[in-house]
Amino acid sequence: MKNDAHYTTVLPGGHHWSLRLRRGTTLTLTAQQADSNVGLLCYNPENLLERLNLPDTLKCQHTFKLTQGHCLYSDMGRIFASITQDSLGWHDSVGGNLMPHHLLKKGWQPVSYQQAHNDWTRTGFDAFLVELAKYGLGRRDMAANLNLFSRVESDDEGKLRYISGHCQPGSRVTLRMEMDTLVLLHTCPHPLDPSANYPRRGVDIALGTAEPPTEDDPCYVSRPENARGFANNRLYHHGL
């Protein structure tokens, strides 16, 4: 993988971002503070009906968490992205989005745009809606999102528990785009974050370029199903 980033930016805490990333692009996110959270959604920019499918992503790779070697699947059985580097070993796939009603339940006093302008209290749900609207999408197009940098465990009774301190400053994860992908991100807090006040934790974003994966690529060989996912990608790109 080529390590030199050709674009860098900062996404402050409680903000959102989106960009169409070409096949072969790497997206590296680096946490600025402990317990950062980055919500992520993926869509096919050529067919916006095709989107990230976390249930299929987990089922076909026989996992509850996502980390290096795993792939992010669309609902068409294709691979949007592979996780090629990861310093954490666990990213939450089941916690969902911070919703407006969570703010009051947590005691996080909402602050309006009129009061704070760009520092108003955003939820992950509202942040994604803003980004979706830029591409003619809306509430019905919202899919289950991945929460990068966060860790949620399940006990024997199925209760979910947020693990504070899992992410530390400098924690990093890299995704390699396996097809052109519309990527939506937000840095709103995880819905299970126990912080007393609304946390604002930003991340650094770096875009680079990767070599095409080969059949001995760690993400390719980590699960038998991934070989079929990459085969679906090859067929898709052959038809373009």
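## Leucine 160 and a surface patch

Let's start with leucine 160, which sits in strand 10, a short run covering residues 160-162. Keep in mind that what you're looking at is a predicted model. Leucine 160 has a relative accessible area of 40%, so it counts as partly exposed.

Leucine 160 also has nonpolar company: together with Phe64, Val94 and Leu192 it makes up a patch on the surface. Add up the accessible area of these four residues and you get about 290 Å².

## Strand 4, covered on both faces

Now look for strand 4, residues 38-44. All 7 of its 7 residues are buried, so the rest of the structure largely encloses this strand. Which residues lie on each face of strand 4? On one side you'll find Val38, Leu40, Cys42 and Asn44, and on the other Gly39, Leu41 and Tyr43. Both faces are covered.

Strand 4 has several pairing partners to trace. With strand 12 (residues 181-186) it pairs in the antiparallel sense over 5 bridges, and here cysteine 42 has valine 183 as its bridge partner. Strand 8 (residues 146-148) also runs antiparallel to strand 4, joined to it by 3 bridges; look for valine 38 standing opposite leucine 148. Then there's strand 5 (residues 47-51), again antiparallel, with 2 bridges to strand 4. The link between strand 4 and strand 5 is a hairpin through 2 residues, and asparagine 44 has asparagine 47 in strand 5 as its bridge partner.

## An open sheet of 6 strands

Elsewhere, 6 strands line up in an open sheet, in the order 1-13-3-11-7-6, with antiparallel pairing. Which strands form its edges? They are strand 1 (7-11) and strand 6 (71-73), each of which pairs on one side only. From one strand to the next, the twist averages 20°.

You can follow the sheet in from the strand 6 edge. Strand 6 pairs with strand 7 (residues 79-86) over 3 bridges, in the antiparallel sense. One spot to look at is leucine 72, whose bridge partner in strand 7 is alanine 81.

## Salt bridges

Side chains of opposite charge can pair when their charged atoms come close. How many salt bridges does this model have? The count comes to 13.

One of them brings together the side chains of aspartate 180 and arginine 20, at 3.4 Å from N to O. This pair ties together distant parts of the chain, 160 residues apart: aspartate 180 lies in the loop between strand 11 (172-177) and strand 12, while arginine 20 belongs to strand 2 (residues 16-21). Arginine 20 is partly exposed, because its relative accessibility is 32%. Both residues also take part in a network of salt bridges that links Arg20, Arg22, Glu46 and Asp180.

Next, try glutamate 131 and lysine 134, which form a salt bridge with their closest N and O atoms 3.0 Å apart. Are these two buried or exposed? Glutamate 131 has just 1% relative accessibility, so it counts as buried. Lysine 134, on the other hand, is exposed, because its relative accessible area is 53%.

A further salt bridge joins arginine 151 and glutamate 153, with the closest N and O atoms 2.9 Å apart. Here arginine 151 counts as partly exposed at 24% relative accessibility, and glutamate 153 is partly exposed as well, with a relative accessible area of 21%.

Technical notes: Residues numbered from 1 in each chain as written. Predicted model: local features only at pLDDT ≥ 70, side-chain atom pairs only at ≥ 80, totals over all residues. Heavy atoms only, no water. Patch = residues over 30% accessible without salt bridge, like charges linked within 9 Å, V, L, I, M, F, W, Y side chains within 5 Å. Areas by Shrake-Rupley, 256 points an atom, 1.4 Å probe, with all protein chains shown as cover. Helix = DSSP H or I, 4+ residues; strand = E, 2+ residues; numbered from the N terminus. Buried < 20%, exposed > 50% of the residue type's maximum accessible area, 1.4 Å probe, protein only. Pairing = 2+ DSSP bridges. Axes fitted to C-alpha atoms, helices over the stretch in contact; angles between N-to-C directions.
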